[in-house]
Amino acid sequence: MKKGTMQLETLTCPSCIQKIEGAVKKMDGIQEDTLKISFNSSKVKFDFDEEKVSLHDVEKAIVKLGYDVLKSQEK
């Protein structure tokens, strides 16, 4: 398992969090119970199985919803 952190554009409403959470949680390889989205800092943190999903795949899913990923990091 790897840890992913993404800095997004400023989130403006709670429904933004719900949309992102829904899209990321349904991806194969995301450990759902580790997904945390911070409204105040506009950060998404999660653990993922790099054999099933990549950080780039998660970025693409978030961008597809209409949010900009400013920076992402994998540990």
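**Packing around helix H2 and Thr 34**

In this predicted model, the cover over the buried residues of helix H2 includes strand S1 (2-8), helix H1 (14-25), strand S2, strand S3 (43-48) and strand S4 (69-74).

Trainee: Which residues of helix H2 (residues 55-64) are buried?

Mentor: The cover over the buried residues of H2 includes both strands and a helix, among them S1 and H1. The buried residues of H2 are Leu 55, Val 58, Ala 61 and Ile 62.

Trainee: Within what arc do the buried residues of H2 fall, seen down its axis?

Mentor: The residues concerned are Leu 55, Val 58, Ala 61 and Ile 62. They line one face of the helix, because the arc within which they fall is 125 degrees.

Trainee: Which residue takes a positive phi just after H2?

Mentor: Helix H2 covers residues 55-64. Just after this helix, a positive phi of about 105 degrees is taken by Gly 66.

Trainee: In what order do the elements of the chain run from the N terminus on?

Mentor: The chain holds two helices and four strands. From the N terminus on, their order is β-α-β-β-α-β.

Trainee: What is the radius of gyration of the chain, and what does the globule rule give for 75 residues?

Mentor: The C-alpha trace spans about 35 × 20 × 20 Å along its principal axes. The chain is as compact as a globular protein of its length, because its radius of gyration is close to the value that the globule rule gives for 75 residues: 11 Å against 11 Å.

Trainee: Is Thr 34 buried or exposed?

Mentor: Thr 34 belongs to strand S2 (residues 30-38). Its relative accessible area is 19%, and the cut-off for a buried residue is under 20%. Thr 34 is therefore buried.

Trainee: Which residues is Thr 34 in contact with, leaving aside its neighbours within four places in sequence?

Mentor: A polar atom of the Thr 34 side chain lies 2.7 Å from the backbone oxygen of Gln 31, but Gln 31 is three places away in sequence and is left aside here. Beyond such neighbours, the contacts of Thr 34 are Lys 45, Phe 46 and Asp 47.

Trainee: Which residues form the aromatic pair?

Mentor: A search of the whole structure finds one such pair. Its rings are tilted, 5.7 Å centre to centre with 50 degrees between the planes. Both partners are buried, and they are Phe 46 and Phe 48.

Trainee: What share of the 75 residues in the chain is buried?

Mentor: Thr 34 is one of the buried residues, and Phe 46 and Phe 48 are buried as well. Over the chain, the share of buried residues is 35%.

How values were computed
Residues are numbered from 1 along each chain as its sequence is written. This is a predicted model: local features need pLDDT of at least 70, side-chain atom pairs count only at pLDDT 80 or more; totals for chains, interfaces and linings use all residues. Side-chain values use heavy atoms; hydrogens and water are left out. Buried means under 20% relative accessible area, exposed over 50%, partly exposed in between (1.4 Å probe, protein chains only). A polar contact is a pair of N or O atoms within 3.5 Å; within protein, one must be able to donate a hydrogen and the other to accept it, and residues adjacent in sequence count only if both atoms are side-chain atoms. Contact means heavy atoms within 4.5 Å. Rings of Phe, Tyr and Trp (its six-membered ring) pair if their centres lie within 6.5 Å; planes under 30 degrees apart count as stacked, over 60 as edge-to-face and the rest as tilted. The arc is that of the directions from the helix axis to the C-beta atoms. The radius of gyration is taken over C-alpha atoms; the globule rule is 2.2 Å times the number of residues to the power 0.38.
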